[in-house]
Amino acid sequence: RRLTAGAVLAAGLLALLSGCGSRTDSRRIVRIGHNQSVNHPTHLALTAFQEMIGERLGDRFRVEVYPSELLGSQTDMVQLTQTGAMDFCVASNAILETFSKDYELFNLPYLFQSTEAYHGAMEDEKVTGPVFSATRQAGFTAVAWLDAGTRNFYTVKKPVERPEDLRGLKIRVQQSPTNIEMMRLLGGSATPMGFGDVYTALQSGVIDGAENNEMALTDNGHGDVCRYYSYDMHQMVPDLLIGNYGFLESLTEEERAVFEEGFEELERVQQEEWGKAVEAAREKAEKEQKVTFLYPDREPFAAAVLPLHEMVLERNPALRPLYERIRKYNEMYASGQ
Ligand code: GCU
């Protein structure tokens with residue numbers, strides 16, 4: 001896999017930052033990058049992780065957290081984590097399917113029937129383990145999952161109340177073949193691009209809308225440009241903290257145990273903050289940005305995209321047992337939402 005221009009630039013920046021190595025004094029600098037603002041639950045949780053490693057292993061490691069795409073777009077950061085130019089980054093599960101197709105599982109639309117089923121499955125190592133370790137050969141593994149809520153369509157002008165309303169609309173999707181296929185099945189025109197480019201694309205009319213959780217409206221300003229947000233709830237795609245495999249393997253058993261505790265703390269803080277952040281975002285979008293929230297019937301959306309499940313499972317039968325296990329969580333928590 002060749003590095004993109006962005007990744008090469010960011011690698012250069014990293015080399016400058018560190019004087020071509022990752023140690024100052026005797027401490028190993030551990031760099032973590034993400035694409036959200038410093039107010040976002042992901043950043044707050046990474047800060048808690050940073051503090052914990054500082055307290056427990058501060059004589060050996062110094063964790064640095066780089067928000068807001070400072071080290072590049074998500075795709076750039078994944079490539080830098082692969083090569084070890086940085087140690088960790090947060091990437092949406094959606095973009096990881098180009099590194100291993102096993103990640104397609106969590107990109108399936110309407111995979112989870114409720115938030116409880118989603119959380120149950122993501123906490124179950126029998127579901128996540130085989131997927132998270134599938135990129136070992138590619139140089140990284142996922143070490144923690146972060147809630148990124150529910151993805152819904154939002155548009156500049158035209159309200160989306162039925163799948164037919166998406167026809168002829170250019171909708172930004174993440175750079176993921178599954179998402180492109182999902183848009184095709186829904187009848188919209190998929191325009192893949194990185195998250196950081198979406199605001200300008202909406203403003204300049206290059207796209208008619210996008211799809212994301214409520215935080216994109218407020219924290220990323222998309223609600224200043226888009227008037228309608230439709231709760232069709234097509235996906236719950238987790239964000240994943242991925243770590244360079246070589247780095248993880250270089251830790252002593254004792255260090256690794258502390259990092260593992262740190263990953264758990266990260267998940268705990270992020271989930272605690274997530275609920276509050278979404279509530280606040282919804283309120284701000286409605287009251288200050290004057291976004292109109294719509295609650296369409298989800299059935300026609302689901303019916304249009306459900307064939308994707310069998311398509312993916314047929315292509316990759318190894319996912320079937322994991323898929324079946326997720327169905328058990330759906331049965332257990334069907335009425336959650
Ligand atoms: C969410 C998610 C990010 C992702 C973004 C996107 O904000 O948390 O990880 O990059 O969606 O749509 O690209």
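# A tour from the ligand outwards

Begin by selecting the ligand in this predicted model, together with the residues around it, which are Asn35, Gln74, Ser92, Ala148, Gln174, Phe195, Asn212, Ala216 and Asp239. Colour that shell by class, and you will find three nonpolar, five polar and one charged residues around the ligand. If you then colour by domain, the shell is seen to draw at least three residues from each of domain 1 (5–149 + 237–279) and domain 2 (151–236 + 284–332).

**The two domains**

Next, select the two parts of the protein chain that the domain assignment gives, namely domain 1 (5–149 + 237–279) and domain 2 (151–236 + 284–332). Taken over C-alpha atoms, the centres of domain 1 and domain 2 are separated by 24 Å, and the contact between them takes 37 residues from domain 1 and 33 residues from domain 2. On the side of domain 1 that touches domain 2, the elements that give two or more residues are α3, α4 (93–96), α5, α6 (125–132) and α11 (253–287), with the largest share, four residues, coming from α5. Coloured by class, this side of domain 1 has 17 nonpolar, 13 polar and seven charged residues.

**Helix α3**

From the list of elements on that side, choose helix α3, residues 74–83, where nine of the 10 residues are buried, so that the helix is largely enclosed by the rest of the structure. The buried residues to pick out are Gln74, Thr75, Asp76, Met77, Val78, Gln79, Leu80, Thr81 and Gln82; Gln74 is also one of the residues around the ligand. Which residue just after α3 takes a positive phi? Select Gly84, where phi is about 90°.

Within helix α3, centre the view on Leu80, which is buried, with 25 other C-beta atoms within 10 Å. To set a distance marker, join the C-alpha atoms of Leu80 and Leu96, which lie 16 residues apart along the chain and are separated by 14 Å.

**Two loop residues with positive phi**

Moving back along the chain from α3, select Ser68, whose place is in the loop between β3 (61–66) and α3. Phi of Ser68 is near 55°, a positive value in a residue other than glycine. Is Ser68 buried, exposed or partly exposed? With 14 other C-beta atoms within 10 Å, Ser68 is partly exposed, because the count for a buried residue has to reach 20 or more, whereas an exposed residue has 12 or fewer.

Now go to Tyr110, in the loop between α4 and α5, where phi is again positive in a residue other than glycine, with a value near 55°. Tyr110, however, counts as buried, with 20 C-beta neighbours inside 10 Å.

**Where helices cross**

Select helix α5, residues 115–122, and helix α14, residues 320–332, whose axes come within 8 Å and cross at roughly 140°. The crossing in which α5 passes α14 is right-handed, and the contact is made by Ala117, Gly120 and Ala121 of α5 and by Ile326, Tyr329, Asn330 and Met332 of α14. By class, five residues of this contact of α5 with α14 are nonpolar, two are polar and none is charged.

For a second pair, select helix α7, residues 177–186, and helix α13, residues 307–315, whose axes come within 11 Å and cross at roughly 145°. The crossing of α7 and α13 is right-handed, and its contact is made by Thr178, Glu181, Met182 and Leu185 of α7 and by Pro307, Leu308 and Val312 of α13. The residues of the contact of α7 with α13 divide into five nonpolar, one polar and one charged.

**A residue in strand β7**

As a last stop, select Ile171, which lies in strand β7, residues 170–173, and is buried, with 21 other C-beta atoms within 10 Å. Leaving aside residues up to four places away in sequence, Ile171 touches Phe153, Leu166, Met183, Gly188, Ser189, Ala190, Thr191, Ile207, Asp208, Gly209, Ala210 and Glu211. Among these, Asp208 is worth labelling: it stands 37 residues from Ile171 along the chain, yet the C-alpha atoms of the two are separated by 5.9 Å.

Notes: Residues numbered from 1 in each chain as written. Predicted model: local features only at pLDDT ≥ 70, side-chain atom pairs only at ≥ 80, totals over all residues. Near = placed C-beta within 6 Å. Nonpolar A, V, L, I, M, F, W, Y, C, P; charged D, E, K, R; others polar. Domains from an automatic or database assignment. Axes fitted to C-alpha atoms, helices over the stretch in contact; angles between N-to-C directions. Left-handed = near helix turned anticlockwise from the far one by under 90°. Contact = placed C-beta atoms within 7 Å.
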